[in-house]
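Welcome! Let's explore a protein model together, one question at a time. Keep the viewer open and follow along.

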Amino acid sequence: MRRLHGAGVLAVAALGLAVLTPVAEAQVGTGPWTPESPGYTEQERGCGQISGLTFQLTCSTGSGDQRAERRYTTYTGGTHQFEGSFKITSMTGSRISLKQTFRDGANAGPYFMLAVEKGGRLYAVEGGATLGSGATVGTSVRVNTINQVGSSHKVYLNGSLKQTISSASGSYYDKFGSYRTASGAGPVTVQWSGVKFWRR
């Protein structure tokens, strides 16, 4: 058997460390990023149903609270990144919110909502700005949001920056799933995957 000496041993040792040490790199944004594993609760209201990472609205009701969502732990201060991919597997409704960044505490309420129209247009519910297209049935879309509390909130679709808005100081949390907007209705089935969180 060939023996390694000196630099060869160091090279192998370094390679071993590279293989064994996990790299905490997010898909977007300037790091370094530290992985997080926030807790969550599930919300099923109206005709909302959750099975694993599949979120459904089974009715076409255009009123009331229709939602199937995960709500993650509140954070205060710092910079926090969410990443996840969604695929709509069926949709005869329209204007369904998929991912939200929520204010918590004294100013609680929706701060950013990414929604989809039947036909695949992705838009910001607040203001109605178009953020993307092509989110049709069977197509996977990766979503990243970076909230630098007290500075900015950025939205990326498939790795491309689509929106930057100001972020006030305070507390926030992330939600995703399927949620009927004020002008929307189901039915819709959305599958999420690759959900990750980081902080900086």
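Q: Over which ring does the charged end of K175 sit?
A: This is a predicted model, so every value here is computed from it. A charge counts as sitting over a ring if, among other conditions, it is within 6 Å of the ring centre. The charged end of K175 is 4.7 Å from the centre of the ring in question, and that ring belongs to F102.

Q: Which residues are joined with K175 into one network of salt bridges?
A: The rule for a salt bridge asks for a Lys or Arg side-chain nitrogen within 4 Å of an Asp or Glu carboxyl oxygen. By this rule the count comes to 10 salt bridges. Some of them share partners, and K175 is joined in this way to R45, D65, R67 and E69.

Q: How many helices and strands does the secondary structure of the chain come to?
A: It helps to know that the chain has 200 residues, 42% of which count as buried. Its secondary structure comes to 1 helix and 16 strands.

Q: What share of the contacts with a separation of 6 or more comes from residues 24 or more positions apart?
A: Contact here means heavy atoms within 4.5 Å. W198 and P35 show how the chain can bring distant positions together: they are 163 residues apart along the chain, and their C-alpha atoms are separated by 4.3 Å. For the chain, the share from residues 24 or more positions apart is 66%.

Q: Is W198 buried or exposed?
A: You can find W198 in strand β16. Buried means under 20% relative accessible area. The value for W198 is 6%, so W198 counts as buried.

Q: Which residue forms a salt bridge with K99?
A: Start in strand β8, where K99 lies, and look across to strand β15 (residues 171-185), which holds its partner. The closest N and O atoms of the pair are 2.6 Å apart, and the partner is D174. The two are 75 residues apart in sequence, so this link ties together separate parts of the chain, K99 on one side and D174 on the other.

Q: Are K99 and D174 buried or exposed?
A: K99 takes part in a salt bridge with D174, and the charged end of K99 also sits over the ring of F82, 4.9 Å from the ring centre. Despite their charges, both K99 and D174 are buried.

Q: Where does E117 lie, the residue that forms a salt bridge with R95?
A: The closest N and O atoms of R95 and E117 are 2.5 Å apart. R95 is in strand β8 (residues 94-104), 22 residues away from E117 along the chain. E117 is in the loop between β9 (109-116) and β10 (122-124).

Q: With which residue does E117 meet in a salt bridge of 3.0 Å, N to O?
A: E117 forms a salt bridge with R95, a residue that is partly exposed with a relative accessible area of 25%. The partner asked for here is also partly exposed, with a relative accessible area of 25%. The residue is R121.

Q: What kind of aromatic pair do F82 and F197 form?
A: The structure holds 12 aromatic pairs. In this one the ring centres are 5.5 Å apart and the planes are at 65 degrees. Planes over 60 degrees apart count as edge-to-face, so the pair of F82 and F197 is edge-to-face.

Q: Which strands hold F82 and F197?
A: Both residues are buried. They are 115 residues apart in sequence, so the pair ties together distant stretches: strand β7 (residues 79-91) for F82 and strand β16 (residues 188-199) for F197.

Q: What kind of pair do the rings of F86 and W192 form?
A: F86 lies in strand β7 and W192 in strand β16, 106 residues apart in sequence. Both residues are buried. Their ring centres are 5.6 Å apart and their planes are at 50 degrees, so the pair is tilted.

Q: Which two residues form the disulfide?
A: A search of the whole structure finds 1 disulfide. Its sulfur atoms are 2.1 Å apart, and with -65 degrees about the S-S bond the link is left-handed. Both partners are buried, and they are C47 and C59.

Note on methods:
Residues numbered from 1 in each chain as written. Predicted model: local features only at pLDDT ≥ 70, side-chain atom pairs only at ≥ 80, totals over all residues. Heavy atoms only, no water. Disulfide = S-S within 2.5 Å. Buried < 20%, exposed > 50% of the residue type's maximum accessible area, 1.4 Å probe, protein only. Helix = DSSP H or I, 4+ residues; strand = E, 2+ residues; numbered from the N terminus. Phe/Tyr/Trp six-rings, centres within 6.5 Å; stacked < 30°, edge-to-face > 60°. Lys NZ or Arg CZ within 6 Å of the ring centre and 35° of its normal.
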